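Open the structure in your viewer and keep the selection tool at hand. The tour goes from one selection to the next and says what to look for at each stop.

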Amino acid sequence: NGLDCWADGALKNYGATDGIGLIVIRAIAEDQQGGIWVGAEDGGLYELKDGKFTMHQPADGLAGQAIWSLLADDDGTLWVGTFRGGLLRFKEGRFTRYTTKNGLPSDIVCQILDDGLGNLWVGSQKGIFHVPQTKLRQFADGEIKSVPCVSYGLSDGLPALECSGRYQPSC
C-alpha cells in the first residue's frame, strides 16, 4: 500500500499531500522523457511531475477498473492494461479503450510488451495475443471499428491460459 522512492540515500514516502494516497500499486513505468507513471488498484493512472502526482482516468463507465500493467511507448503513448476494463491507450491527454466488444480476446490485460516490430503482445487471462499498433491507432482515430488480434492458447502450446501471476505477470 502506497508508494516509496529511494533516492540520494533517503527514502521518500509519497502520500495524500503528494497527490497519491495509500492505495495498492500494481504497475510503474518510465516514459522516454523520464516521467514516472503509476497504475493503481483504484483504476487511477498517476503521473509524477514536479514532485506531485496527478491522477488521470477515462471518463466512461469502466473508469474504476484496476490497472495491472503499463507500457510507455517511444511515441509518447502510454499503454494501460486493466482488470476487466480491457486495454487503454493514453496519448496527449486522451484515453481510448479497447475491449472484447472491439475485437480483443479478453478484457483482463495482465501484461503488455512491445516487440520492436510494430506489434503489442498482451498477456491476458485467455492466453496471449498480439495486435499491430497501426490498427490500434486506426481504431483510436475512428478509421476502423474493430481491432484484429492473433490469439494463442492451449492448442498453440501454452501450458495455461492465465498469464497473470498475482504480482508477477507472465507474457
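Which residue in strand 10 is the bridge partner of Phe90? Select Phe90 and look across to strand 10: the partner is Phe95. Keep in mind throughout that this is a predicted model.

**Stop 1: the hairpin**

Select residues 87-91, which are strand 9, and residues 94-98, which are strand 10. The two strands run antiparallel and are joined by five bridges. They form a hairpin with two residues between them. Click on Glu92 in the turn, where phi is positive, at about 50 degrees.

Now show the surroundings of strand 10. Four of its five residues are buried, so the strand is largely enclosed by the rest of the structure. Add Trp37 to the selection: Trp37, Phe90 and Phe95 form one aromatic cluster.

**Stop 2: the largest nonpolar core**

In soluble globular proteins, nonpolar side chains tend to be buried together. Here, select Trp79, Leu87, Tyr98, Ile112, Leu120, Leu136 and Val147; of the 15 residues in the largest nonpolar core, these touch the most other members. Strand 11 (109-114), strand 12 (119-124), strand 13 (127-132) and helix 1 (133-140) each give two or more residues to this core. Helix 1 gives the most, with three residues.

There is also a second, separate core of twelve residues. Select Trp37, Ile67, Val80 and Phe95 to see some of its members.

Next, centre the view on Ile112. Which residues does Ile112 touch, leaving aside those up to four places away in sequence? They are Ser69, Leu71, Trp79, Val80, Gly81, Leu87, Leu120 and Trp121.

**Stop 3: the open sheet**

Stay with Ile112 and look across to strand 12, where Val122 stands opposite. Strand 11 and strand 12 run antiparallel and are joined by five bridges.

Widen the selection to the four strands of this open sheet, which lie in the order 11-12-13-14 with antiparallel pairing. Strand 11 and strand 14 (150-152) stand at the edges with a single partner strand each, so one side of each has no neighbour in the sheet. On average, neighbouring strands are turned by 20 degrees against each other, direction ignored.

Add helix 1, which packs on the sheet and touches strand 11, strand 12 and strand 13. The direction of helix 1 makes about 70 degrees with that of strand 13.

**Stop 4: aromatic pairs**

The structure holds seven aromatic pairs. For one of them, select Tyr14 and Phe53. Their ring centres are 5.2 Å apart and their planes stand at 90 degrees, so the pair is edge-to-face. Tyr14 lies in strand 2 (residues 10-14) and Phe53 in strand 6 (residues 52-56), 39 residues apart, and the pair links distant parts of the chain. Are these two residues buried or exposed? Both Tyr14 and Phe53 are buried.

Then select Trp121 and Tyr152. Here the ring centres are 5.8 Å apart and the planes are at 20 degrees, so the pair is stacked. This pair also links distant parts of the chain, with Trp121 in strand 12 and Tyr152 in strand 14, 31 residues apart. Trp121 is partly exposed, with a relative accessible area of 27%, and Tyr152 is partly exposed at 29%.

**Stop 5: two cysteines**

Finally, select Cys149 and Cys163. Cys149 is partly exposed, at 21% relative accessibility, whereas Cys163 is buried, at 5%. How many disulfides does the model contain? The count is zero, with a disulfide taken as two cysteine sulfur atoms within 2.5 Å.

Methods. Residues numbered from 1 in each chain as written. Predicted model: local features only at pLDDT ≥ 70, side-chain atom pairs only at ≥ 80, totals over all residues. Heavy atoms only, no water. Core = buried A, V, L, I, M, F, W, Y, C linked by side-chain atoms within 4.5 Å. Buried < 20%, exposed > 50% of the residue type's maximum accessible area, 1.4 Å probe, protein only. Contact = heavy atoms within 4.5 Å. Pairing = 2+ DSSP bridges. Axes fitted to C-alpha atoms, helices over the stretch in contact; angles between N-to-C directions. Phe/Tyr/Trp six-rings, centres within 6.5 Å; stacked < 30°, edge-to-face > 60°.
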